[in-house]
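Reader: I have a chain on my screen and would like to understand how its parts fit together. Could you walk me through it, one question at a time?

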Amino acid sequence: VQLQASGGGLVQAGGSLRLSCAPSGSIFSINTMGWYRQAPGKRRELVADITSGHSTNYADSVKGRFTISRDNAKNTVYLQMNSLKPEDTGVYYCNARLAQRSWLPPNDYWGQGTLVTVSS
């Protein structure tokens with residue numbers, strides 16, 4: 001299984017970006033999908049995640065500015081980022097907890113990361 005993330009880039013403060021991520025390969029079911037980020041010199045942190053039933057969870061720092069969504073038919077997760085701030089700068093990683101077979105337990109898979117840079 002591979003997760004392909006896209007949508008990062010350079011944007012001015014106050015701007016918007018939309019990230020997307022979809023896994024490819026042998027997939028039986030996908031549980032939670034989410035986005036994490038890692039700023040230079042900092043630990044990776046959860047930005048937002050969403051269950052297969054569309055329940056969402058956000059980091060306090062992005063509440064009201066970011067929106068996570070998913071299209072179960074396309075196995076794709078999105079992160080709409082509005083009112084971006086310089087402190088949102090970092091590498092954003094897509095995560096999916098999925099099972100490849102009905103008899104296998106779910107495992108965590110990670111995308112390669114996409115860089116988001118917010119200039120002041």
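Author: Happy to! One term first: a residue counts as buried under 20% relative accessible area, as exposed over 50%, and as partly exposed in between. Please also keep in mind that this is a predicted model.

Reader: Thanks! With those cut-offs, is Tyr36 buried, partly exposed or exposed?

Author: The relative accessible area of Tyr36 is 21%. Buried would require a value under 20%, and exposed one over 50%. Tyr36 therefore counts as partly exposed.

Reader: Which residue forms an aromatic pair with Tyr36?

Author: A search of the whole structure turns up one aromatic pair. Its rings are 5.0 Å apart, centre to centre, with 65° between the planes, and the pair is edge-to-face. The partner of Tyr36 is Trp110.

Reader: How many residues apart in sequence are the parts that this pair ties together?

Author: Tyr36 belongs to strand E4, whereas Trp110 belongs to strand E10, residues 107-110. The pair therefore ties together parts whose separation in sequence is 74 residues.

Reader: Which charged end sits over the ring of Trp110?

Author: Trp110 is partly exposed at 38% relative accessibility. A charged end sits over its ring, 4.8 Å from the centre. A charged end of the same residue also sits over the ring of Tyr93, 3.7 Å from that centre. The residue is Arg44.

Reader: Back to E4, then. Which strand do eight bridges join to E4?

Author: E4 covers residues 29-38, and the strand joined to it by eight bridges runs antiparallel to it. One of the pairings links Ser29 with Ala99. That strand, residues 90-99, is E9.

Reader: And how many residues lie between E4 and E5 in their hairpin?

Author: Five bridges join E4 to E5, residues 45-50, and the two run antiparallel. Among the partners are Trp35 and Ala48. In the turn, Gly41 has a positive phi of about 75°. The number of residues between the two strands is six.

Reader: Which strand gives the most to the largest nonpolar core?

Author: That core has 28 residues, of which Trp35, Leu79, Met81 and Tyr92 touch the most other members. Several strands each supply at least two residues, including E4, E5 and E8. The one that gives the most, with four residues, is E9.

Reader: I noticed Arg70 in strand E7. Is Arg70 buried or exposed?

Author: Its contacts include Thr32, Met33, His54 and Tyr78. The Arg70 side chain reaches the backbone oxygen of Asn31 at 2.6 Å and that of Ile50 at 3.2 Å. Its relative accessible area is 10%, so Arg70 is buried.

Reader: Asp88 caught my eye too. Which side chain does Asp88 join in a polar contact of 2.8 Å?

Author: Asp88 lies in the loop between E8 and E9. Its relative accessible area is 0%, so Asp88 is buried. A polar atom of its side chain also lies 2.8 Å from the backbone nitrogen of Lys85. The side chain that Asp88 joins in the polar contact is that of Arg65.

Reader: Last one: how far apart in space are Arg70 and Asp88?

Author: In sequence, these two are 18 residues apart. Arg70 is in strand E7, while Asp88 is in the loop between E8 and E9. From C-alpha to C-alpha, the distance between them is 21 Å.

Key. Residues are numbered from 1 along each chain as its sequence is written. This is a predicted model: local features need pLDDT of at least 70, side-chain atom pairs count only at pLDDT 80 or more; totals for chains, interfaces and linings use all residues. Side-chain values use heavy atoms; hydrogens and water are left out. Two strands pair if DSSP finds at least two bridges between them. A nonpolar core is a set of buried Ala, Val, Leu, Ile, Met, Phe, Trp, Tyr and Cys residues joined through side-chain atoms within 4.5 Å. Buried means under 20% relative accessible area, exposed over 50%, partly exposed in between (1.4 Å probe, protein chains only). Contact means heavy atoms within 4.5 Å. A polar contact is a pair of N or O atoms within 3.5 Å; within protein, one must be able to donate a hydrogen and the other to accept it, and residues adjacent in sequence count only if both atoms are side-chain atoms. Rings of Phe, Tyr and Trp (its six-membered ring) pair if their centres lie within 6.5 Å; planes under 30 degrees apart count as stacked, over 60 as edge-to-face and the rest as tilted. A charge sits over a ring if NZ of Lys or CZ of Arg is within 6 Å of the ring centre and within 35 degrees of the ring normal. Lists of a residue's contacts leave out its neighbours within four places in sequence.
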